[in-house]
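Work through the following exercises with the model open beside the text, and try each task before reading its solution.

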Amino acid sequence: GGIVLVDEVGYGFHYSFLESVWKVLASAATSFETQLIGTTHSFEVIAAAHNSFLENERYERFRYIRLDRIGDVVKPVYFDRESLQVAIDKDLEIR
């Protein structure tokens with residue numbers, strides 16, 4: 001029933017294992033009715049999270065929000081499933 005904050009979610013894991021990491025984290029968060037908020041600077045971590053939630057058919061529980069600095073203001077940029085998929089497929093900068 002709480003919130004867990006994880007800084008640099010994928011740090012220390014090989015990129016080929018990241019989808020499995022996300023599946024375990026999602027399962028634990030569901031089991032404990034906890035919201036997981038993770039940060040990353042890694043394209044691979046973002047793509048793995050996206051793919052992991054697509055496979056589990058629980059994408060409605062996943063949100064990717066990038067923070068952009070515009071002048072002196074930091075604004076959130078929200079990506080929906082389709083926008084994130086296109087960005088990943090085209091290898092666009094999403095971090």
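**Exercise 1. Decide whether Leu-67 is buried or exposed, and place it in its surroundings.**

Step 1. Leu-67 has 60% relative accessibility and therefore counts as exposed, where buried means under 20% relative accessible area, exposed over 50%, and partly exposed in between, with a 1.4 Å probe and protein chains only. The model is a predicted one, in which local features need pLDDT of at least 70 and side-chain atom pairs count only at pLDDT 80 or more, while totals for chains, interfaces and linings use all residues. Residues are numbered from 1 along each chain as its sequence is written, and side-chain values use heavy atoms, with hydrogens and water left out.

Step 2. Leu-67 belongs to strand β3, strands being DSSP runs of E with at least two residues and helices runs of H or I with at least four, numbered from the N terminus.

Step 3. Together with Ile-65, Val-74 and Tyr-78, Leu-67 forms a nonpolar surface patch with about 430 Å² of accessible area. Two or more residues of this patch come from each of β3 (64-70) and β4 (73-79). Patch members have over 30% relative accessible area and no salt bridge, with nonpolar side chains (Val, Leu, Ile, Met, Phe, Trp, Tyr) joined within 5 Å and like charges within 9 Å; the areas come from the Shrake-Rupley method with a 1.4 Å probe, and for residues only the protein chains shown count as cover.

**Exercise 2. List the salt bridges and find what the pair Lys-23 and Glu-55 ties together.**

Step 1. The count comes to three salt bridges, each being a side-chain nitrogen of Lys or Arg within 4 Å of a carboxyl oxygen of Asp or Glu.

Step 2. In one of them, the side chains of Lys-23 and Glu-55 meet at 2.6 Å, N to O. Because Lys-23 lies in helix α1 and Glu-55 in helix α2, this pair ties together parts that are 32 residues apart in sequence. Lys-23, at 30% relative accessibility, is partly exposed, and Glu-55, at 49%, is partly exposed as well.

Step 3. Asp-68 and Arg-66 form a salt bridge at 2.8 Å, N to O; here Asp-68 is partly exposed, with a relative accessible area of 23%, whereas Arg-66, at 16%, counts as buried.

Step 4. Arg-95 and Glu-93 form a salt bridge at 3.1 Å, N to O, and Arg-95 is partly exposed, with a relative accessible area of 47%.

**Exercise 3. Examine the backbone angle phi of Glu-8 and of Glu-33.**

Step 1. Most residues other than glycine have a negative phi.

Step 2. Glu-8, although not a glycine, has a positive phi of about 55°. Glu-8 lies in the loop between β1 (3-6) and α1 and, at 24% relative accessibility, counts as partly exposed.

Step 3. Glu-33, also not a glycine, has a positive phi of about 50°. Glu-33 sits in the loop between α1 and β2 and is exposed, with a relative accessible area of 65%.
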